[in-house]
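I opened this entry to keep a record of what I looked up, item by item. The notes follow the order in which I went through the model.

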Number of protein chains: 2
Amino acid sequence: MATQGKRTRIEDIRRIELIAAAHRVFLEHGLQGMTSARICREAGMSPGILAYYFKGKDEVLFGMVRYNNRLLMEDVIARLSAAPTNWARLEAIVEGNFPSQAFTRAIASAWMSVCAEAGVNEQYARLQQLFHRRLRSNLASVFDGMFDAARLHEASLIIAALIDGLWLRKAVADDIGRDEAITLVFRGIHSLVSDKEEQRLRYPPGREPKQAAAGRRRRL
Amino acid sequence: MATQGKRTRIEDIRRIELIAAAHRVFLEHGLQGMTSARICREAGMSPGILAYYFKGKDEVLFGMVRYNNRLLMEDVIARLSAAPTNWARLEAIVEGNFPSQAFTRAIASAWMSVCAEAGVNEQYARLQQLFHRRLRSNLASVFDGMFDAARLHEASLIIAALIDGLWLRKAVADDIGRDEAITLVFRGIHSLVSDKEEQRLRYPPGREPKQAAAGRRRRL
DNA sequence: CAGAATCTTGTACGAGCATACAAAAATCTT
DNA sequence: AAGATTTTTGTATGCTCGTACAAGATTCTG
């Protein structure tokens, strides 16, 4: 409160460095192997530093999950706002949920450990639920008008679950690549929506086919 | 080797009791909270007993996962062999993957913790892969003849991933019930296969509609 | 029933971990 | 530059958990 010129800056820097280090450790060793000492070593600092900038390890962990989710969301948001058609929006959502360099077994298994923890720890659960809701509402906004309310709910849930299930398989068996996963999700979408509706996705209403145009954006 | 009359019997009994106790602890506390002491207490034995009958905790854990998977598989196998039509076989597979009393948040989160561990520990991975392969080959046997090889692969993978994804959502958000989950999987199946093919599932070839008959069984 | 084999108990040891903290180093202030 | 403040270090403490083990209880055997 008294000083803001330097103190807050260094403090914020260290906190971010530690969270970023925690993120790297997390992606390599999972939630389980994410020990205080390892985080500090990864950040190139002394083991005691964590207690100086954070109340405890849980605070770092929590910040890390938020950091991770923010990274993913920002990517999807950027792609969404640049998408000209609803179909492009759909591609943005699906591809954004399989980040190019991140569809890795190690990352999938780290992600699984967060989901396992979310089953027990209500704070993690809330973070994941936020994430899930965002995915589903993004999907629903693209599908809007194609189904009645109940089917809309169902379709977005099916696609969201399909995406999660593919991540789970990646963690367990690692028998699927990024492009394959994306193809499978689109196969699922394709079979859920009728051909006529799929055309409406590819070419926004009021425009000729073959001529892409900026679809109205409903949600970010 | 020398004595088999009593020794092996008591030994097997204790091992099974401990594994069953481990299973109960696992379902309640997850892989993380599954401590040696808790397992022994749950089994009504002394904390040291575990080291007498097992080489270490990992052996109990491993046996527990096998025990769990066997329970699930036996249920599916029993339903499968009693199924008169391919459609009934499909119902057996899908419903067997959402056991009546077991589609619980606690159980889902315990299951997630195994998947997370499988990403790191190759032994768990193999167990889960076995499980996944069985599910997919069961699905594929029902769908056989409806798709070409590539699409068959895709369809079984999509449905299997959808099932896993619904379990994951159960762990994280607990916003879905057993019947709802089964309905969603069938919605996915319905949209993947054509109406004509779906009829072929419901009524085996060579039989009149409305008259259920025993379909030939392809796989167990 | 005595002695041996088997089974069970309770405890003790050590490893790994989160956290607290005193001392050292660095930085800022005047 | 001297003193005050902030930042960093290294270590110590206490806790949880897996495992080993000696001693006690039970069952088997002759």
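**Fold and conventions**

I began with the order of elements in chain A, which from the N terminus reads α-α-α-α-α-α-α-α-α-α. The tally for chain A is 10 helices and 0 strands, where helices (H or I, at least four residues) and strands (E, at least two) are DSSP runs numbered from the N terminus.

I noted that this is a predicted model, in which local features need pLDDT of at least 70 and side-chain atom pairs count only at pLDDT 80 or more, while totals for chains, interfaces and linings use all residues. Residues are numbered from 1 along each chain as its sequence is written, chains are lettered from A and ligands numbered from 1 in the order in which they are written, and side-chain values use heavy atoms, with hydrogens and water left out.

I then looked up burial, and found that buried residues make up 50% of the 220 residues in chain A; buried means under 20% relative accessible area, exposed over 50%, and partly exposed in between, with a 1.4 Å probe and protein chains only. For contacts (heavy atoms within 4.5 Å), I recorded that among those in chain A with a separation of 6 or more, 69% join residues 24 or more positions apart.

**Two copies**

I checked how the chains relate: a turn of 180° with a shift of 0.0 Å along the axis lays chain B on chain A with an RMSD of 0.1 Å, the superposition being by least squares on the C-alpha atoms of residues with pLDDT of at least 70 in both. The two copies are thus related as by a two-fold rotation axis. The same surface serves both copies, since 100% of the contact residues of chain B recur in chain A.

I followed two buried residues of chain A that touch chain B. A:Arg169 has its place in helix H8 of chain A and is buried, with a relative accessible area of 3%. Leaving aside neighbours within four places in sequence, A:Arg169 is in contact with A:Asp174 and A:Asp175, and across in the other chain with B:His132, B:Arg136, B:Leu157, B:Ala160, B:Ala161 and B:Asp164. A:Ser109, in helix H6 (residues 105-118) of chain A, counts as buried at 6% relative accessibility. With residues up to four places away not counted, A:Ser109 touches A:Ala171, B:Ala116, B:Gly119 and B:Val120.

**Core**

Which residues touch the most other members of the largest nonpolar core? They are A:Phe98, A:Phe143, B:Phe98 and B:Phe143, in a core of 144 residues; such a core is a set of buried Ala, Val, Leu, Ile, Met, Phe, Trp, Tyr and Cys residues joined through side-chain atoms within 4.5 Å. I listed the partners of B:Phe143 beyond four places in sequence, which are B:Leu90, B:Leu152, B:Ala155, B:Ile159, B:Ile189 and B:Val193.

**Aromatic rings**

Rings of Phe, Tyr and Trp (its six-membered ring) pair if their centres lie within 6.5 Å, and planes under 30 degrees apart count as stacked, over 60 as edge-to-face and the rest as tilted. By this rule the count comes to 16 aromatic pairs over all chains. The rings of A:Trp87 and A:Phe186 have their centres 5.5 Å apart and their planes at 40°, so I entered the pair as tilted. This pair links distant parts of the chain, with A:Trp87 in helix H5 (residues 86-96) of chain A and A:Phe186 in helix H9 (residues 178-192) of chain A, 99 residues apart. Both A:Trp87 and A:Phe186 are buried.

I also looked up B:Phe62 and B:Tyr124, an edge-to-face pair at 6.2 Å centre to centre with 70° between the planes. B:Phe62 lies in helix H4 (residues 57-82) of chain B and B:Tyr124 in helix H7 (residues 122-143) of chain B, so the pair ties together parts that are 62 residues apart in sequence. Ring pairs further link A:Phe98, A:Phe103 and A:Trp167 into a cluster.

A charge sits over a ring if NZ of Lys or CZ of Arg is within 6 Å of the ring centre and within 35 degrees of the ring normal. I found the charged end of A:Arg202 over the ring of A:Trp87, 3.9 Å from its centre, and B:Arg202 over the face of B:Trp87, at 3.9 Å from the ring centre.

**Backbone**

I last noted A:Asp174, whose phi is near 55°, a positive value in a residue other than glycine. A:Asp174 lies in the loop between helix H8 (149-172) and H9 of chain A and is partly exposed, with a relative accessible area of 36%.
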